[in-house]
Amino acid sequence: MSKDAYRGELTGLSAVEARAMVAKGEISAKEMAEAALERIEEMEPQIHALLTVTPEAALSQAAEIDRRRAAGEPLPPLAGVPLAIKDAICSAGIRSTAGSRILHNFIPPYDATVTARLRAAGALLVGKANCDEFAMGSSTENSGFYPTLNPRDTSRVPGGSSGGSAAAVCAHEAAIALGSDTGGSIRQPAAFCGVVGLKPTYGRVSRYGLIAYASSLDQIGPITRTVADTALVLNAIAGHDPLDSTCTSVPVPDFTAACRADVAGLRIGVPKEYFALGVDAQVAASVRAAVDRLCEMGAVADECSLPTTDYALAAYYIIAPAEASSNLARFDGVKYGFRTKELAGHIGLTEKTRDEGFGAEVKQRIMIGTYALSHGYYDAYYKRAQQVRTLIRRDFDAAFERFDVLAMPTAPTVAYRIGEKSDPLAMKLGDVCTIPINMAGLPGISIPCGLADGLPVGLQLVAKAYDEETLLRAAYTFELAGQPR
Amino acid sequence: MSLSREDVKKVALLARLELTDDEIDAQAANINNLLAHIESLQSLDVEGIEPTSHSMPVVNVLREDAARPSLSREETLANAPLARDGCFVVPRIVEGD
C-alpha cells in the first residue's frame, strides 16, 4: 500500500477505531495527527471548513500520547483522535472568533470546559471550525470570514450554524467535532452533510467558555460519523461543572453502553405537524421509511400531535434575539476584539465599533431583541413567547406519556444551493423542525437515513430530558441495520 | 405592528448600533418582515399560562463565597485594543479638567 493510501485510511477511521489502534501501538498518535493535517491541506481549498488550523496543538498532544504509551501509562478514551472545535467555543491560546469580525483577533486566556475535557481525554485538536457569526444562521454563509461549502456537493451549503464542524467531519479532516445548537445548529448541518449530530439535554453539558448566543437555549454537543463516536464524545464532555450554574449534577451514565442493537418494544411517536411544515415529499418519505425500518426491527410506531409546533418558530424569534441583544452588549471595543478607528466619544466609540464589527444578520437580531424587550412591548412579545414555550413543553410532556422517542425530519429539505435562501426569513423557516426541541430543552439526534436528489436526509429522534441513552440506542440500531432500501 | 424609520433609529440607539441610512431602511424591512411572522403568536390563547424562562427547572445554585485564583491583570488586558498603565483606555467621558 502506498503511503498516501495508508494515510487516507487513517483519516477515515472512526474515533473508536483510531483510539484502539493507537492503544495497541499499530499506529502512533503522531501519525494520526500528521494524516489529519495532510488531509486538511488537501481538502480546505475546496470546502473552507476551518478558520484556524492548529498543527502545534495537535502535534504536541500527539507527542504526549505517544510518550505515555511508550511509558506504559494508561491512555485516555479519545487518545489520538483528531478533533475540530466550533470557533464559538474558547480554546486557550488559540484564536476563537465565533465567526465574527468583531472577535477577529481574540485569543482566549482560558479553555471552555468542553475544550479542557477533550484535551484531557487525549483528542488531537487539529482546527477551529467555521460557523455563522455568533451561531446566527443556518448555512454558514453568515460567517464574517468566508462561507463553508458542503463536501458532498460544493455548490451547496453545509448547513449551519455549526457548518464547519459538520463539513470537517464529513470530509475526514477530523474524526470528531464539537458544535453548539440553539435552534438546530448541530443537527441541521449534520443532516445536510450526512453525518451524526447530537444536541444533548439542556444542562447536560457545560456552556462555560461557549461564546453565548441565547443562554437559555444554547447547548454544546458532538458531530461525528458514527453513533458510537457520538457516545464516546458525550461521555467525555457531559457532567456537572461548577463554572456553569445551569449545568446539572444529574448522574452521567456510560453512553457507550447504550450503543446496542435493541429496539424491541420501543414506542416511537410520529408527530404529524413535522410532516406538514413545507417538508419536501422525498424527505418525508425517507424519514417515514426509516421509521418503518425501526418497526421491522421490533419498534412500534404511532402518529401523534404536538399542536403548538406551528408557533415555536415565532416564539423562538423573540426569545433568542432578546437573549442575544443582552449577551452581545459586551462587545464594546474596550475589553477585547475589534475597535473602530474613529474615537468619537464613549458612546460613539461603542456604536461605531459595533456597526463596523457585526454583520447584518447579527445586527438584525440585536435590533429585534432590543425592541422586544423595550418598554411597552415586553408583555406583548417576550412574556407571550415565554408562555408559548410553556405550551410547547406541555405538548412534549404529553407525548412522552405515550412514547419513548419521537421521530421526524431534521430539516424540511436537503442542503440547498449557496445563495439560494437570500431572504433571511426564508432561511429561518428551515429551522422549523429543530427549534421546538431547543424550546423544550430536550435531547435530539440527527442521523443519516437516506438520500433525496442524491443528497443526505437526516432522521431526527427526540427523547425525554436526560434520556440520551434511548436516543443513542435507537440511533445505533438504525445505523447498524443500514438505511432502508 | 410595524416599525418606522424613526422607531428603528430609536431602537438602534438603545442597542448601541450606529446604522447608516441604507442600513436603517434594510433593518426596517427585515424587522417588519419578521414581526409579521411573529404576529401569529397573538392568536394563541395564553391566558393563565405561566411563562417559562428556562426549559429546565433550574433553581439558584449557590457555592461557598471563597476566594480563588483568577486571571492576572496582564492576561485580562492582553486582548484589549488599547491599554496603558494596567488599565483599559477609553475616550474621555467626564468633561473638563
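How many helices and strands are there in chain B? In this predicted model, the tally for chain B comes to 3 helices and 2 strands. Going along the sequence, they turn up in the pattern α-α-α-β-β, with the helices ahead of the strands.

Chain B is no compact globule. A globule of its 97 residues would be expected to have a radius of gyration near 13 Å, whereas the chain comes out at 23 Å. Along the principal axes, its C-alpha atoms take up a box of roughly 55 × 45 × 25 Å. As for burial, 15% of the 97 residues of chain B count as buried.

Next comes the contact between the two chains. Chain A puts 53 residues into it, and chain B puts in 40. On the chain B side, helices α1 (5–14) and α2 each supply at least two residues, and α2(B) gives the most, with 7 residues. Sorted by character, the side of chain B that touches chain A has 25 nonpolar, 10 polar and 5 charged residues.

One helix pair in this contact can be described in some detail. Helix α10 of chain A (residues 309–327) and helix α2 of chain B (residues 21–38) have axes that come within 9 Å and cross at roughly 130°. The two helices, α10(A) and α2(B), are therefore oblique to each other. From α10(A), the residues making the contact are Ala314(A), Tyr317(A) and Ile318(A), and from α2(B) they are Leu34(B), His37(B) and Ile38(B). Of the residues in this helix–helix contact, 5 are nonpolar and 1 is polar, with no charged ones.

Met367(A) offers another view of how the chains meet. This residue sits in helix α12 of chain A, which covers residues 360–373. Is Met367(A) buried or exposed? Met367(A) counts as buried because it has 26 C-beta neighbours inside 10 Å, and the cut-off for a buried residue is 20 or more. Setting aside neighbours within four places in sequence, the residues in contact with Met367(A) are Val11(B), Ala12(B), Ala15(B), Gln27(B) and Ile31(B). Back within chain A, Ile211(A) lies 156 residues from Met367(A) in sequence, and the C-alpha atoms of the two are 19 Å apart in space.

Note on methods: Residues are numbered from 1 along each chain as its sequence is written. Chains are lettered from A and ligands numbered from 1 in the order in which they are written. This is a predicted model: local features need pLDDT of at least 70, side-chain atom pairs count only at pLDDT 80 or more; totals for chains, interfaces and linings use all residues. Helices (H or I, at least four residues) and strands (E, at least two) are DSSP runs, numbered from the N terminus. The radius of gyration is taken over C-alpha atoms; the globule rule is 2.2 Å times the number of residues to the power 0.38. A residue is buried if 20 or more other C-beta atoms lie within 10 Å of its own, exposed if 12 or fewer, and partly exposed in between; C-beta atoms are placed from the backbone. Axes are lines fitted to C-alpha atoms, for helices over the stretch in contact, and angles run from 0 to 180 degrees between N-to-C directions. Angles under 35 degrees count as roughly parallel, over 145 as roughly antiparallel, 65 to 115 as roughly perpendicular and the rest as oblique. Two residues are in contact if their C-beta atoms, placed from the backbone, lie within 7 Å. Ala, Val, Leu, Ile, Met, Phe, Trp, Tyr, Cys and Pro count as nonpolar, Asp, Glu, Lys and Arg as charged, and the others, Gly among them, as polar.
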